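Colleague: I am new to this structure and would like a close look at one part of it. Please pick a strand and walk me through its surroundings.

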Amino acid sequence: SSSTSKQRSMVLISGFESFNVKLYRRAARNLKKRLPDVSLFVFSDRDLETNRQEVLRALQDAEVFFGSLLFDFDQVEWLRGAIEKVPTKFVFESALELMSETQVGSFEMKPSPDGRKAGPPPAVAAVL
């Protein structure tokens, strides 16, 4: 890779499926071999208690956040603040408060100020 290439950073936090974390970390290593300018930092929900500073450091530079099966109220509230500046967020099968943080480009899951739900993006709605 060229020294002028921009490093890309993604963070994945896995909740109740933490048994898959080893698999996700292996995928992150394989990704790094194929795309040296891309880093995927993999954490479990337990890391939100035991390695919170490391998680926060990874999130500060992240361009993409993936969250799955995250339900603990305190963890969800902390994560909502911690991922606020991450531009692209995918949150699956988690607490509604966290899933509402999903944002891709101009699409957001958050209800609009008038309370209407955003619904899927037009491309997804067309398939449905």
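Modeller: A word on the rings first. F90 has a relative accessibility of 26%, so it counts as partly exposed. F92 is at 44%, so it is partly exposed as well. The two form a stacked aromatic pair, with centres 6.4 Å apart and 10° between the planes. The structure holds three aromatic pairs. Ring pairs also bring in F66, giving a cluster of F66, F90 and F92. Keep F66 in mind, as it comes up again below.

Now the setting. This is a predicted model. The protein chain has 128 residues, and 37% of them are buried. It contains six helices and six strands. From the N terminus, their order is β-α-β-α-α-β-α-β-α-β-β-α.

The part to look at is β1, residues 8-14. Six of its seven residues are buried, so the strand is mostly covered, with buried meaning under 20% relative accessible area.

Take its strand partners next. β1 pairs with β2, residues 38-44, in the parallel sense. Seven bridges join these two. Within that pairing, V11 stands opposite F41. β1 also runs parallel to β3, residues 64-68, and five bridges join them. There, I13 has G67 of β3 as its bridge partner.

V11 deserves a closer look. Leaving aside residues up to four places away in sequence, it touches L40, F41, F43, A58, L59, A62, V64, F65 and F66. So F41 is both a contact of V11 and the residue opposite it in β2. F66, from the ring cluster, is on the contact list too.

The strand also feeds the packing. The largest nonpolar core has 18 residues. V11 and I13 are among those with the most contacts inside it, along with L59, F65, L79, I83 and L98. β1, α3 (52-61) and α4 (73-82) each supply at least two residues of this core. A second core, separate from that one, has eight residues, including M10, V21, A28 and V42. In soluble globular proteins, nonpolar side chains tend to be buried together.

Last, step back to the whole chain. Of the contacts between residues at least 6 apart in sequence, 55% join residues at least 24 apart. The chain exposes about 8400 Å², and carbon and sulfur atoms supply 57% of that area.

To recap, β1 is mostly covered. It pairs in parallel with β2 and runs parallel to β3. It also supplies at least two residues of the largest nonpolar core.

Definitions and conventions: Residues numbered from 1 in each chain as written. Predicted model: local features only at pLDDT ≥ 70, side-chain atom pairs only at ≥ 80, totals over all residues. Heavy atoms only, no water. Phe/Tyr/Trp six-rings, centres within 6.5 Å; stacked < 30°, edge-to-face > 60°. Buried < 20%, exposed > 50% of the residue type's maximum accessible area, 1.4 Å probe, protein only. Core = buried A, V, L, I, M, F, W, Y, C linked by side-chain atoms within 4.5 Å. Helix = DSSP H or I, 4+ residues; strand = E, 2+ residues; numbered from the N terminus. Contact = heavy atoms within 4.5 Å. Pairing = 2+ DSSP bridges. Areas by Shrake-Rupley, 256 points an atom, 1.4 Å probe, with all protein chains shown as cover.
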